[in-house]
Amino acid sequence: MRSIDKIIVHCSATPEGRDVSVDTIKKWHVDDNKWSDIGYHYVIELDGGVHYGRNCEISGAHCKGHNSKSIGICYVGGVDANQNPKDTRTDKQVIALHNLIKDLKTKYPDSIVYGHRDFSSKACPSFDAKSEYSDV
C-alpha cells in the first residue's frame, strides 16, 4: 500500500451547474494533456455521485510535487459563469465529499486534508478545504 500523508481537494474549474462526468475529465487528461490516465483518484459529480478515477495504489497527476504521497479528489464545478472562482458545490456534493474524506481519513489516519490552492497559486478548489476538514 502507498504511504499517504495528504488528501488534496480540487475542482474541475467548470461553471456552476455544468454537469461534467468522470469520463469527460479523463478524456481531457488523456487526450488533451497526453497523460496515461485521469489525474484524480476520485471525482464527485453534481448529483453527489462519487466515481473512481485513477487507482489509489498509483500516484496521481493532480498536484505537482505532492502526487506520490497523496490522494486527489475533484468535485465538478468551482467557477461561476464568468470563470471566477466560486464554491459551487451542491448540497449532495458537500455531503459526498465529507463522507469520502471521512472514509479516507479512516484508511489513512495520519493524512491531512488540503486544497490544491495550498500548493499552487490557483484558487482551486474555490474554498478553504484545509480549514473545513481540519476536524474530520
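A charge is taken to sit over an aromatic ring when NZ of Lys or CZ of Arg is within 6 Å of the ring centre and within 35 degrees of the ring normal. In this predicted model, R89 fits that description: R89 lies over the face of F127, 3.6 Å from the ring centre. F127 itself is buried, with a relative accessible area of 7%.

F127 also has aromatic company. The structure holds 4 aromatic pairs. In one of them, the rings of F127 and Y133 have their centres 6.3 Å apart and their planes at 75°, so this pair is edge-to-face. Y133 comes out at 3% relative accessibility and therefore counts as buried, just as F127 does at 7%. Ring pairs bring in Y75 as well, linking Y75, F127 and Y133 into a cluster.

Turning to the nonpolar interior, the largest core has 21 residues. Inside this core, I71, I73, L97, I101 and L104 have the most contacts. Two or more residues each come from β1 (6–11), β3 (42–44), β5 (70–75) and α2 (91–107). The largest share is that of α2, with 5 residues. A core of this kind fits a familiar pattern: in soluble globular proteins, nonpolar side chains tend to be buried together.

I71 gives a good view of the surroundings. Leaving aside residues up to four places away in sequence, I71 touches R2, I4, K6, I7, I8, H41, Y42, C56, H62, L104 and Y108. Apart from the largest core lies another one, of 9 residues, with V20, V22, Y40 and V43 among them.

One member of that second core, V22, leads on to helix α1. In α1, which spans residues 22–32, V22, I25 and H29 are buried. These three cover an arc of only 70° around the axis, which puts them on the same side of α1. The spacing along the chain helps to make sense of this: an α-helix has 3.6 residues a turn, so residues three or four places apart point the same way. As for what lies against this side, the buried residues of α1 pack against β3, β4 and β5. On the face turned away from the buried side, α1 carries the exposed residues D23 and D32. After the helix comes K34, with a positive phi near 65°.

Charged side chains pair up elsewhere in the model, and the count comes to 8 salt bridges. Two of them involve D5. In one, the side chains of D5 and K6 meet at 3.3 Å, N to O. In the other, D5 forms a salt bridge with K69, the closest N and O atoms being 3.8 Å apart. Since D5 lies in the segment before β1 and K69 in the loop between β4 (50–52) and β5, this second pair ties together parts that are 64 residues apart in sequence. Burial varies among the three residues. K6 counts as buried because its relative accessibility is 15%, under the 20% cut-off. D5 is partly exposed, with a relative accessible area of 26%, and K69 is partly exposed too, at 37%.

Another salt bridge joins R117 and D128, the closest N and O atoms being 3.8 Å apart. Both residues lie in the loop between β7 (112–115) and α3 (129–132), 11 residues apart. R117 counts as partly exposed at 33% relative accessibility, and D128 is partly exposed with a relative accessible area of 35%. As for the D5 bridges, shared partners join D5, K6 and K69 into one network.

A last stop is G78, placed in strand β6 (residues 78–79). At 0% relative accessibility, G78 counts as buried. What surrounds this glycine? Setting aside residues up to four places away in sequence, G78 touches C11, T14, N84, P85, K86, T88 and S126. The C-alpha atoms of G78 and S12 are separated by 6.4 Å, with these positions 66 residues apart along the chain.

Terms used: Residues numbered from 1 in each chain as written. Predicted model: local features only at pLDDT ≥ 70, side-chain atom pairs only at ≥ 80, totals over all residues. Heavy atoms only, no water. Core = buried A, V, L, I, M, F, W, Y, C linked by side-chain atoms within 4.5 Å. Buried < 20%, exposed > 50% of the residue type's maximum accessible area, 1.4 Å probe, protein only. Helix = DSSP H or I, 4+ residues; strand = E, 2+ residues; numbered from the N terminus. Contact = heavy atoms within 4.5 Å. Phe/Tyr/Trp six-rings, centres within 6.5 Å; stacked < 30°, edge-to-face > 60°. Salt bridge = Lys/Arg side-chain N within 4 Å of Asp/Glu carboxyl O. Arc of directions from axis to C-beta.
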